[in-house]
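Reader: Hi, I'm new to this one. Can you walk me through it?
Author: Sure. Here it is.

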Amino acid sequence: MIKEAKNPVLEIHDLTVTYHKKPVLWDIDLTIPAGSLTGIIGPNGAGKSTLIKTIMGLIKPSSGYSKIFDKPLDEVRKRVSYVPQRGSVDWDFPASVFDVVLMGRYSDAGMFKRIRKADRELAMDALQKVGMEKFSKRQISELSGGQQQRVFLARALAQHADLYFMDEPFAGVDAATENAIIDLLHEMTGKGKTVVVVHHDLQSAIKYFEWILLLNTRLVASGPVTEVFTSELLQKTYGGKLTLLTEIGNLLQREGLPARETK
Amino acid sequence: MYEQIIDFLSLSDPNVRTVVLGSILLTSSSAIIGAFTFLRKKALVGDAVAHSVLPGICLAFMIGGAKDPLILIPGAFLAGWLSMILIDKITLHSRIKEDTAIGMVLSVTFGLGILMLTFIQHSGNANQSGLDHFLFGKAAAMLGSDVIIFSAIALLMVLTVSFLFKEFALVCFDREYASSMGLPVKRLDFLMTSLTVLAVVIGIQAVGVVLMAAMLITPAAAARFWTDNLKLMIIMAAVIGAVSGFTGALVSYLYPSMPTGPWIVVVASVFAFISFFFAPKKGILQYMIKQRRIRLMINEENIIKAGYHIGEDRKDFTSSMTATDLIRRRPMPESKLKGHLAKLTRQGYFRKHSQGWELTNAGYKKGSRLVRIHRLWELYLTEYLNIASDHVHEDAETIEHFITPELEKQLEQTLNYPSEDPHQSKIPYE
């Protein structure tokens, strides 16, 4: 069940991604409506993170393309922000909370250029929005998991984008942080921003998101939460991978075959 | 010897000035670049690059026929880069993992370099003398013209780092995020790698290919112990590099036949060891002192608590107690107990009598607080964590020393000021 969004900010066409020759995303076609809080749901290894990394240009797809605000990513970079998984960086890096949030201003400040006073103020505003202003001088290795996640969010907020992709922002955070984050996300979508979140908890997904993508290597469903959360579609997503698809994926990897013919 | 040192330190000899300036520039600039190598966790790659520079130098010499840095530097630079690419390609396209690839490239290229060096040395070429200084470094062998070239390169490197500081830092910390912002991560990577190779190439004059990796990594590793601020860390690394380089130049001046690299690296390592042991917050010594302080605090608090328990048993908190009474409650060697008691008396928790000791008012308050927290914690564990009441004592024995007044208040409120612990002992409030 793949429903077209009326006013899409993101369109993906025929996207296939392989990792070490093994396809991790097959033929994805989807749209996401503007101003929505969208959840990407699926089991472990379903390709959820791969999908948003591909959209952000961090992984090159074997085929297909995505368009953001009806344009290629490179033309709209400043309107898009990405929140990586918390575990993807070394938190022992010599930096303070403020240093990290300030990174959100780097692209706007420009290469070779110094950080301006206005950038510092915007970074501080972002820290305030996540309730971490008291921690601005704290060394990042001294933060709890929830605080680290808030810092990552603040960094993205400091970019002042219109579309946000967040990879597992609720993983390993305390309940208070989870609530604070979800409130913040609702506030953002209330202001017309679009937020796409990788999430793996089904129960909270129903409460949190308006639009849902069910993903398990292939796109099982994309649409409003009420239409997508049916036991049949969930069964399709979580009831194991399609055996034939897995078999063919394994074959490609084993034999070193390309997933797409190269021109 | 003494006079020579004075002579050196006065920097009156232009040759000395050249060598000192050259050495300091080389080692401090490699320490600055090395800080990023360290943060990117590429220390071993740095080592492989340093070793692989040797065949590049030899080949450049064979082709160019002279020991001119303008010939040798490009040769060394190319060789360093090729080894880096080789490591990447081997890791990417084979089943060989990165550490193995690094080991392979390092030993193969260094072996090749030694082979070529031996060949050159036996070729009868008169220009070759001193080429072997690149193995372990020889600061004093630097000529004025070399220093000009090295300084220019070092200056260029430092300028590049200062212009692209925030971009480099971001790529080191979070590559994917940097990439998502549209930063040219691949080009920045290329630049950082080139700077690392360049730092190695110009550094080997003073340090030599064998130990060059230590010059990249050690100053940054030492500086990391002292600060959490990246800029400060890099400045400290540069200073450590400079001091090491200066020592190298001095040694090279005093003992012309001595290679300088080992000296430079030993000095840098001394900084690293000092940092490792004595740095505040992160040093081993600080950690040990803290652990000792905690043990002492626990022992003293336990003695106060023993005094409180005795008072509780006798229903009289002002009665005097002997060392034997206390040891029965809290077994420990008598001499140790008396040592602690002397201190606790001085601090005003105990009062000494002819027959023994008694708790002061302050001692009574402290003892009652410890017992209160102990019993509250036991109750919390049985009620909220469903732990059997005969299993909670050990846990509370430790926790009672660490609960802050805020947590104590929270505990009281959560449990709603209970009167008894799980073992039906009364919980004292004041």
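Reader: How far apart are the centres of domain 2 and domain 3 of chain B?
Author: Taken over C-alpha atoms, those two centres in chain B are 21 Å apart. Keep in mind that this is a predicted model.

Reader: Which residues does each domain cover?
Author: In chain B, domain 1 runs 16-279, domain 2 runs 286-359 and domain 3 runs 364-414.

Reader: Back to domains 2 and 3 of chain B. How many residues does each put into the contact?
Author: Domain 2 of chain B brings 14 residues and domain 3 of chain B brings 12 residues. The area buried between them is about 1200 Å². Carbon and sulfur atoms give 66% of that.

Reader: Which residues in domain 2 of chain B lose the most area there?
Author: Glu301(B), Lys305(B) and Tyr308(B). Together they make up 45% of what the domain 2 side buries.

Reader: How many salt bridges cross that interface?
Author: The rule finds five between domain 2 and domain 3 of chain B. Glu301(B) also forms a salt bridge with Lys366(B), with the closest N and O atoms 3.9 Å apart.

Reader: New topic. How much area do chain B and chain A bury between them?
Author: About 2500 Å², with 64% of it on carbon and sulfur atoms. Chain B puts 25 residues into the contact and chain A puts in 30 residues.

Reader: Which residues of chain B lose the most area to chain A?
Author: Lys166(B), Phe173(B) and Tyr177(B), together 30% of what the chain B side buries.

Reader: Is Lys166(B) buried or exposed?
Author: Lys166(B) counts as buried, because its relative accessibility is 10% and the cut-off for buried is under 20%. Lys166(B) sits in helix α8 of chain B, residues 165-173.

Reader: What is Lys166(B) in contact with?
Author: Leaving aside neighbours within four places in sequence, Lys166(B) contacts Tyr106(A), Gly110(A), Met111(A), Phe112(A), Lys113(A) and Ile115(A).

Reader: And how many salt bridges does the rule find between chain B and chain A?
Author: Four. Asp90(A) and Lys41(B) also meet in a salt bridge, 2.7 Å from N to O.

Reader: What about the surface? Which residues make the nonpolar patch?
Author: The patch covers about 1100 Å², and its residues include Trp226(B), Phe273(B), Leu285(B) and Met288(B). Helix α13(B) gives the most, with seven residues. Both α13 (261-278) and α14 (284-314) of chain B supply at least two residues each.

Reader: Where is Leu285(B)?
Author: In helix α14 of chain B. Leu285(B) counts as partly exposed, because its relative accessibility is 35%.

How values were computed: Residues numbered from 1 in each chain as written. Chains lettered and ligands numbered in written order. Predicted model: local features only at pLDDT ≥ 70, side-chain atom pairs only at ≥ 80, totals over all residues. Heavy atoms only, no water. Patch = residues over 30% accessible without salt bridge, like charges linked within 9 Å, V, L, I, M, F, W, Y side chains within 5 Å. Areas by Shrake-Rupley, 256 points an atom, 1.4 Å probe, with all protein chains shown as cover. Salt bridge = Lys/Arg side-chain N within 4 Å of Asp/Glu carboxyl O. Helix = DSSP H or I, 4+ residues; strand = E, 2+ residues; numbered from the N terminus. Buried < 20%, exposed > 50% of the residue type's maximum accessible area, 1.4 Å probe, protein only. Domains from an automatic or database assignment. Contact = heavy atoms within 4.5 Å. Buried area = accessible area lost by both parts, 1.4 Å probe.
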